[in-house]
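Got the viewer open and a hand on the mouse? Let's walk through this one stop by stop.

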Amino acid sequence: MNAPEAPSGDLRRRYTASDLGVFTPEEARRFIPSGNGDPQNDVVLAWELLYRLEPELYDRLASAERLHPGVVGWLPCGVDRIVEVGAGTGRLTMELIGRGRHVVAVEPALPLRRILIRKLATADHGDRARVVHGFFDQLPLPDDSADLVVACSAFTPSPGHGGEAGLAEMERVCRPGGCVAIIWPNHLSWLAARGYRHVSFPGPMSAEFGSHDDAAELAGIFYAKAAGEVRRLGRRTVPFEVLGINAPRDLAFKVLAG
Ligand SMILES: C[S@@+](CC[C@H](N)C(=O)[O-])C[C@H]1O[C@@H](n2cnc3c(N)ncnc32)[C@H](O)[C@@H]1O
């Protein structure tokens, strides 16, 4: 997951330990395995609270940080079944609709699932995609049931966000000869050690916010170190280098033995 490792400004101060009650028992087991935590000192936890407490705010950020078109273009097209894990509000899901006959979007956070379901219905794609609850390490899907299993800005080597068990589950669900892809990966060497190859798409990339005010507000929350520069630029498009994060131009993939 790229975002939770990115420098975060206000986000860490946005929530407190008293917000942890929003997690379901299943979520708490993964995100606060010791039974308690402090989002003011654990930015990964703060992101999980964001998804549940302010999902529309997360959606505004994800909508601005669009993937390099080469990433989506690289993915297999014209396949039968695609599974996306950690689908969020659908930054990638909406693109997958045109590439497979049927898409299953797995997402643990109910507020994000609701936004994704709404977007799919608005785009009249409700019949092409199914949005389901699930986690990387416990996918509610049969063995060998997808041609492509993909995660975007969601998988990390940490057990709560994928890890060994999560990668094994993605590979279990993928059919022999199918492809498992991790988009916007944050630990390439960890994935390389497990047989994943890296592809990167070049060219300048900027986040495209709705307006300059939107850029300034979201930078203040998510990229505090860049907020002054974003205000100074006075534009709604902001190069990813200015935000201080990797641009969403990379993927790691493995084609499973057929
Ligand atoms: C940074 S968001 C990315 C969402 C979406 N893929 C996108 O690109 O906008 C990370 C997503 O991973 C999901 N997530 C976190 N832990 C997870 C887990 N253990 N299993 C599956 N998804 C998880 C979150 O709920 C969230 O939707």
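## First stop: a pair in one helix

Select Arg 172 and Glu 169: their side chains meet in a salt bridge, with 2.5 Å from N to O. Keep in mind as you look around that this is a predicted model.

Now show the ribbon around the pair. Arg 172 and Glu 169 sit three residues apart in helix H8, which covers residues 163-173, so about one helical turn separates them. Are the two partners buried or exposed? Glu 169 counts as buried, because its relative accessibility is 13% and the cut-off for buried is under 20%. Arg 172 has a relative accessible area of 24%, so it is partly exposed.

While Glu 169 is still selected, add Asp 143. The C-alpha atoms of these two are 8.9 Å apart, with their positions 26 residues apart along the chain. Asp 143 belongs to the loop between strand E3 (129-132) and strand E4 (146-152). At 49% relative accessibility, Asp 143 is partly exposed.

## Along strand E4

Slide from that loop into strand E4 and pick Asp 147. This residue is buried, with a relative accessible area of 14%. What does the side chain of Asp 147 have beside it? One of its polar atoms lies 2.8 Å from the backbone nitrogen of Arg 81.

## Zoom out

Time to see the whole thing. The protein has 12 helices and nine strands. Its radius of gyration is 18 Å, close to the 18 Å that the globule rule gives for 258 residues, so the protein is as compact as a globular protein of that length. Turn it around a few times: along the principal axes, the C-alpha trace spans about 50 × 45 × 40 Å. Of the 258 residues, 54% count as buried.

For a feel of the distances, select Leu 96 and Leu 218. Their C-alpha atoms are 27 Å apart in space, and the two residues are 122 apart in sequence. You'll find Leu 96 in helix H6, residues 93-96. Leu 96 is buried, and its relative accessible area is 0%.

## Into the ligand site

Next, click on the ligand. How many residues surround it? There are 22, and the closest are Gly 86, Glu 107, Phe 136, Cys 152 and Gly 160. Colour that shell by class and you get 13 nonpolar, five polar and four charged residues.

Now pick out some of the polar contacts:

- Tyr 58: a polar side-chain atom lies 3.0 Å from an oxygen atom of the ligand.
- Glu 107: a polar side-chain atom lies 2.6 Å from an oxygen atom of the ligand.
- Phe 136: here a backbone N or O atom lies 2.9 Å from a nitrogen atom of the ligand.

Switch on a surface and see how much of the ligand stays uncovered. On its own the ligand has 590 Å² of accessible area, and the protein covers 100% of that. Which elements give two or more residues to the shell? They are helix H3 (43-53), helix H4 and strand E1 (79-85).

## A bridge between two helices

Helix H4 has another sight to offer. Select Arg 60 and Glu 217, which form a salt bridge with their closest N and O atoms 3.0 Å apart. Glu 217 lies in helix H10 (residues 212-222) and Arg 60 in helix H4 (residues 55-64), so this pair ties together parts that are 157 residues apart in sequence. Both ends are partly exposed: Glu 217 has a relative accessible area of 41%, and Arg 60 has 31%.

## Last stop: a network

Finally, select Asp 10, Arg 13, Arg 14 and Glu 54 together. These four are linked in a network of salt bridges. Within the network, look at Arg 14 and Asp 10, whose closest N and O atoms are 3.9 Å apart. That pair still makes the list, because the cut-off for a salt bridge is within 4 Å. How exposed are the two, if you check them one at a time? Arg 14 is partly exposed at 30% relative accessibility, and Asp 10 is partly exposed with a relative accessible area of 30%.

If you'd like to hunt down the rest yourself, the protein has 18 salt bridges to find by this rule.

Methods: Residues are numbered from 1 along each chain as its sequence is written. This is a predicted model: local features need pLDDT of at least 70, side-chain atom pairs count only at pLDDT 80 or more; totals for chains, interfaces and linings use all residues. Side-chain values use heavy atoms; hydrogens and water are left out. Buried means under 20% relative accessible area, exposed over 50%, partly exposed in between (1.4 Å probe, protein chains only). Helices (H or I, at least four residues) and strands (E, at least two) are DSSP runs, numbered from the N terminus. A residue is near a molecule or strand if one of its heavy atoms lies within 4 Å of it. A polar contact is a pair of N or O atoms within 3.5 Å; within protein, one must be able to donate a hydrogen and the other to accept it, and residues adjacent in sequence count only if both atoms are side-chain atoms. Accessible areas come from the Shrake-Rupley method with a 1.4 Å probe; for residues, only the protein chains shown count as cover. Ala, Val, Leu, Ile, Met, Phe, Trp, Tyr, Cys and Pro count as nonpolar, Asp, Glu, Lys and Arg as charged, and the others, Gly among them, as polar. The radius of gyration is taken over C-alpha atoms; the globule rule is 2.2 Å times the number of residues to the power 0.38.
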